[in-house]
Structures are given as structure tokens and as C-alpha cells.
Amino acid sequence: MQQFYQSVYDLIVETSTNLPGDVRRAVQAAQEREDDGTRSALSLSRIADNIHMAECNVSPICQDTGMPTFIIHCPVGANQIIMKKQILEAVAQATKDSKLRTNSVDSLTGANTGDNLGPGTPVVHFEQWERDDIEVKLILKGGGCENKNIQYSLPTELEGLGKAGRDLDGIRKCIMHAVYQAQGQGCSAGFIGVGIGGDRTSGYELAKHQLFRHVDDVNPHPELRQLEEYVMDHANTLGIGTMGFGGQVTLLGCKVGVANRLPASFFVSVAYNCWAFRRQGVVLDAATGEVKDWSYPRGTEVSFKEAYEAGQTAAASEEEETREIVLTTPISEEQIRSLKVGDVVVINGTMHTGRDALHKYLMDHDSPVDLNGAAIYHCGPVMSKDRDGEWHVRAAGPTTSIREEPYQGDIIKKFGIRAVIGKGGMGAKTLAALKEHGGVYLNAIGGAAQYYARCFKKVEGVDFMEFGIPEAMWHLKTEGFAAIVTMDSHGNSLHADVEKSSLEKLAALKEPVFKA
Ligand SMILES: O=C(O)C[C@H](O)C(=O)O
Ligand code: SF4
């Protein structure tokens with residue numbers, strides 16, 4: 001088993017940096033379905049570019065490298081204690097090498113362990129099987145999409161869909177509602193795993209396990225197969241689209257599993273996974289620990305290189321066609337008031353990152369830097385320090401902004417912030433503050449961590465390192481950071497519009513489909 005550690009390390013790097021072939025095919029199919037030139041089509045091209053860049057840079061596809069969850073199948077007699085020890089070592093090393101973000105946080109103190117190890121992290125499950133080899137599977141599911149998981153207890157009443165009973169049609173309604181409620185916040189277009197039955201804990205586990213199925217497999221259970229097909233056909237009628245920008249493709253995959261339940265309980269558990277669907281596996285020789293095979297098609301088998309290179313050549317002419325507004329920080333109120341939903345903005349100057357810990361802090365403390373006219377970026381990057389002690393941005397896509405809704409409006413007004421950049425949009429309180437103060441919300445493409453990292457030319461400074469790397473306030477010299485205005489200073493919100501129209505489309509699916 002001398003190779004076991006190295007094989008697990010290679011699996012972690014592959015999973016974080018090289019999106020599997022079956023997932024890539026689903027992204028390609030979505031690209032073919034979207035109409036050229038729409039916001040969703042352009043975002044999908046950026047996503048495809050990002051996938052290619054991550055593979056070339058051997059760097060995280062998305063900065064949120066998730067809760068590492070290992071499922072190991074091994075023959076009787078394999079030493080699970082040694083395997084677990086080596087898995088933890090490989091996780092710590094991959095974190096040190098910037099392949100994983102420091103993602104393990106003490107829930108009470110907020111302290112980051114710095115190596116992804118700690119109570120409950122990573123998650124490691126062992127199961128014995130009759131085969132001679134060992135299979136190690138890994139999923140890196142990020143926090144934003146995890147927050148969009150949902151569990152229903154039937155019977156229930158659902159927004160737009162009415163009563164959902166304890167039958168296949170009730171289950172259908174729950175799944176459609178799960179896709180609707182995710183909107184763009186979990187970085188659509190997504191994949192869902194559904195667990196029918198079990199209890200609250202095993203139901204969610206069953207749902208997450210469905211995500212290990214191949215994207216293009218066919219459910220052997222006839223009723224579940226029909227259900228999966230229905231969901232795939234109808235989820236896309238909701239019009240949520242890539243990142244919630246509106247569009248033809250909202251869902252890339254749906255896998256449903258079933259387990260027995262207690263007479264009193266009927267749970268439908270849904271695990272939502274973003275487009276950055278990072279899961280891979282290796283089959284190992286049980287004697288040496290050497291990799292014999294990969295469990296899923298590797299990313300390299302479905303190359304995005306050609307499209308990337310063609311896009312680079314087209315980019316210059318494209319820039320002339322789309323109306324791009326260049327803003328340099330500090331930004332004036334007049335510049336902000338001239339923007340409207342749909343405009344593409346390019347930011348130059350300095351950007352400050354800030355997420356949960358910083359927003360809470362700023363409510364009753366001063367900022368260490370002047371934020372008048374500033375652009376604040378909801379982002380928790382992957383960073384590395386070189387030999388000279390200089391920091392570099394390794395991956396830096398946006399995080400889900402709605403978490404800052406309780407604070408954002410007050411902070412905009414208190415510090416004079418002009419641009420808030422994130423993903424998934426914000427709510428009514430922030431929209432009102434943007435209008436009152438003269439601010440704008442810019443939606444960047446979630447998960448496009450390599451695409452945005454290259455816009456950060458230098459790390460000018462950092463505050464609050466005590467919050468840990470993802471939560472610290474990084475001051476970044478920025479060039480050419482492009483994002484779309486989705487909430488403007490005139491009271492318009494693309495997010496509110498898409499939510500409203502998708503609820504209407506959801507309600508059109510109210511009539512029973514699967515008769516009891
Ligand atoms: O934590 C992050 O960087 C992003 C998170 O996965 C999110 O989707 O909000
Ligand atoms: S930022 Fe988006 S792509 Fe990245 S883990 Fe979160 S939901 Fe997934």
C-alpha cells in the first residue's frame with residue numbers, strides 16, 4: 001500500500017482542478033441549447049473557459065473546494081486505520097499546495113484550522129465489498145450549493161404547486177420546487193440528487209449518494225426513470241438559466257434513489273450541486289495502492305481547448321460589439337446612477353474582498369481602509385504566499401451574496417460603498433439602499449475562479465487575517481474584472497424579475513402528472 005497516499009493526493013488534485021468528462025458533456029449540451037449572445041450563453045462560455053483554465057493551471061475550478069467527502073470500498077482485511085490516516089495527510093498536503101481552500105472552520109469560535117482537518121472534516125466513509133480492489137471516491141461539494149439543499153416532509157403545501165401528497169406526484173412537485181427555490185444562488189445550471197424515504201439523516205445521505213451516479217446513466221427502476229426524465233424536461237421550462245440570468249437551461253442532471261421509510265415519515269431530500277460538479281474516483285490495487293483506473297471519464301477526454309482558443313481570438317471583436325462600461329475605483333455617484341440592469345461593467349482599480357465575518361464586524365466597527373466609492377467583492381479566495389512573503393490569488397470567484405442581506409444596506413450607507421459584487425443577487429433591503437445611496441449590484445459568474453483570479457494583478461494588503469484566509473479582507477489591484485449589473489440604483493432587480501416569472505412557470509406544473 002506504499003502508493004495509497006500518492007493515489008489519494010492525485011485524486012484530490014484531479015477532483016478539484018479537472019472537471020470530469022461526463023459533467024463537461026452536460027455543460028457542452030447546455031451551451032448548444034442556449035441562444036447565441038444571451039447572458040446565459042455568454043456565461044456558459046466563461047464557465048467553459050474557466051474549466052479549461054483550471055485544467056491547464058492545475059488550480060481549483062471554484063475557490064470553494066467544499067466539504068471533502070470520501071467514500072471508500074475495500075476488501076475484507078484492508079487496514080482502514082492506515083487508509084484514513086493517509087487520507088488526512090493527503091488532504092492537508094493538497095491544502096498546503098493550494099489545491100484545496102482552507103475550509104475547516106470551528107463552528108463556535110470561527111477559527112480556521114488552516115489545513116482542512118478538524119472535528120468532522122473531512123468526511124470519510126468506509127464500506128467493505130467482495131471485490132479484491134479498493135475504490136476511493138471523492139466529492140467536493142461547495143457551501144453555496146449545499147445551502148440550497150432542501151428536505152420536504154410529505155404531505156405538504158408548496159408555493160406555486162399546492163398540495164403535495166405521499167405519492168409519486170407529490171414527490172414530483174417537491175423536486176420541481178427544489179429547483180425553483182435554488183434560483184441562481186447555487187450556481188445554476190445544477191445537478192440534483194434526490195433521496196426518497198429514509199429518515200432525515202439517511203434521506204439526505206441517499207440524496208448525496210445519487211450525485212455519484214454517472215451523468216448519463218439510466219435509472220433501472222422504471223418509475224424513477226420516468227420521474228428523472230420528467231424533471232429533466234420540465235425544470236428547464238422554469239427559465240432560471242445560468243446563474244439565474246434567465247435562459248433555456250436550468251438543470252443539467254437529476255438522479256433519484258429510494259429507500260424504505262417509517263410509517264409516520266415521508267421525506268423527499270434534495271442535494272443540489274452547482275455546475276462545478278466535482279467528483280471523481282480511483283480504483284486501486286489493494287496490494288500496492290496504485291491507480292488501476294478512474295471511476296469517471298477524465299476531463300481531458302472532453303477537451304474545451306479548441307473552444308477556449310477560438311474564444312480568445314473572438315474576444316477582441318466581441319469587446320467592440322457589447323457595450324462595456326469601464327469603471328475605475330473610487331467610483332462616483334454619477335457614474336453609478338447612469339448604470340442600468342443588463343449593462344456589462346468592467347472594474348479597474350482596487351477591490352476589497354469581504355464576506356460573512358467582515359460584514360458582521362463592520363456593522364459596529366470602523367473599516368481599516370476608506371470605502372468611499374469602493375467596490376466590495378463577496379469572495380473568499382484561495383491564496384498562496386511565495387518565498388519572498390508575497391501573496392498571490394490562486395482562485396477567486398464570487399460567493400452567494402444573499403447571506404449578507406441583513407447587513408449590506410446599512411454597510412453601503414455607513415461607508416459609502418458604490419459597487420457590491422457577488423452572485424445570486426440580494427434582497428429588498430439592499431435594493432432600497434442602492435437606490436437611496438446610489439449603488440449597484442454586479443453579478444459575477446459563480447465558480448469561475450480561474451477566470452477572475454487573473455484579473456487580480458497584485459495583493460496590495462490584507463486585514464483581519466485572524467478571520468482566516470477566506471474571510472479576511474484582501475485589497476486587490478484589479479484589471480478588467482467584468483460583471484453584469486443585475487440590481488441598479490433605480491429600483492430594478494433582474495433577480496426579483498426571474499424569481500417572479502419562474503414562480504409563474506412553476507405554477508403551470510401544478511396539475512397531476514403521475515396518477516396514484
Ligand atoms: O464559499 C465560497 O467561496 C462560495 C460558496 O460556495 C457559495 O456558493 O456561496
Ligand atoms: S461558488 Fe458556485 S460553483 Fe463554487 S462551490 Fe459555490 S455554488 Fe459551487
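User: What makes Val58 count as partly exposed?

Analyst: This is a predicted model, and every value here is computed from it. Val58 has a relative accessibility of 35%. Buried means under 20%, and exposed means over 50%. The value for Val58 falls in between, so Val58 counts as partly exposed.

User: Where does Val58 lie, and what is its phi?

Analyst: Val58 lies in the loop between α3 (39-57) and β1. Its phi is positive, about 45°, although Val58 is not a glycine. Most residues other than glycine have a negative phi.

User: Why is Ser98 called buried?

Analyst: The relative accessible area of Ser98 is 9%. The cut-off for buried is under 20%. Ser98 meets that cut-off, so it counts as buried. Ser98 lies in the loop between α4 (80-96) and β2. Its phi, near 65°, is again a positive value in a residue other than glycine.

User: How do you know how many disulfides there are?

Analyst: A disulfide is a covalent bond between the sulfur atoms of two cysteines. The rule asks for two cysteine sulfur atoms within 2.5 Å. By this rule the count is zero. Take Cys56: its nearest cysteine sulfur belongs to Cys455 and is 17 Å away, and Cys56 is in no disulfide.

User: Why is Cys379 not bonded to Cys62?

Analyst: Cys62 holds the closest cysteine sulfur to that of Cys379, at 9.2 Å. The cut-off is 2.5 Å. The distance is therefore too far for a bond.

User: Which of these is buried or exposed, Cys56 and Cys379?

Analyst: Cys56 has 51% relative accessibility. Exposed means over 50%, so Cys56 counts as exposed. Cys379 has 1%. Buried means under 20%, so Cys379 counts as buried.

User: What makes β2 and β11 edge strands?

Analyst: Look at the order of their open sheet of five strands: β2-β1-β3-β10-β11. β2 (123-129) and β11 (291-294) each have a single partner strand, so one side of each is left without a neighbour in the sheet. The pairing in this sheet is mixed. From one strand to the next, the twist averages 20°.

User: How do you know that β1 and β3 pair?

Analyst: Two strands pair if there are at least two bridges between them. Seven bridges join β1 (residues 67-75) to β3 (residues 134-141), and the strands run antiparallel. The cut-off is met, so they pair. Met67 stands opposite Lys141 in β3.

User: What makes β10 and β11 a pair?

Analyst: Three bridges link β10 (residues 278-284) to β11, in the antiparallel sense. At least two are needed, so they count as paired. Val282 has Trp294 in β11 as its bridge partner. The hairpin has six residues between the strands, and Gly289 there takes a positive phi near 80°.

User: Which strands stand at the edges of the four-stranded sheet?

Analyst: The order of this open sheet is β4-β9-β7-β8, with mixed pairing. Its edge strands are β4 (150-153) and β8 (251-258), as each pairs on one side only. The twist averages 15° from one strand to the next. Inside this sheet, six bridges join β7 (residues 190-196) to β9, and the two run antiparallel. Gly195 stands opposite Ser269 in β9.

User: Why is Ala271 called buried?

Analyst: Ala271 has a relative accessible area of 1%. That value is under 20%, so Ala271 counts as buried. Ala271 belongs to strand β9 (residues 267-273). Its C-alpha atom is 9.1 Å from that of Ala178, 93 residues apart along the chain.

User: Which peptide bonds are cis, ahead of Pro155 and Pro330?

Analyst: Most peptide bonds are trans. The bond from Leu154 to Pro155 is cis, with omega near 0°. Pro155 sits in the loop between β4 and β5 (156-158). The bond from Thr329 to Pro330 is cis too, with omega near -5°. Pro330 lies in the loop between β12 and α10.

User: Why is ligand 2 said to lie between domain 2 and domain 3?

Analyst: Domain 2 (143-273) and domain 3 (323-495) both give residues to the shell around ligand 2, so the ligand lies between them. Of the 13 residues around ligand 2, Cys62, Cys187, Cys274, Arg278 and Gly447 come nearest. The shell divides into six nonpolar, four polar and three charged residues.

Technical notes
Residues are numbered from 1 along each chain as its sequence is written. Chains are lettered from A and ligands numbered from 1 in the order in which they are written. This is a predicted model: local features need pLDDT of at least 70, side-chain atom pairs count only at pLDDT 80 or more; totals for chains, interfaces and linings use all residues. Side-chain values use heavy atoms; hydrogens and water are left out. Axes are lines fitted to C-alpha atoms, for helices over the stretch in contact, and angles run from 0 to 180 degrees between N-to-C directions. Buried means under 20% relative accessible area, exposed over 50%, partly exposed in between (1.4 Å probe, protein chains only). A residue is near a molecule or strand if one of its heavy atoms lies within 4 Å of it. Ala, Val, Leu, Ile, Met, Phe, Trp, Tyr, Cys and Pro count as nonpolar, Asp, Glu, Lys and Arg as charged, and the others, Gly among them, as polar. Domain bounds come from an automatic or database domain assignment.
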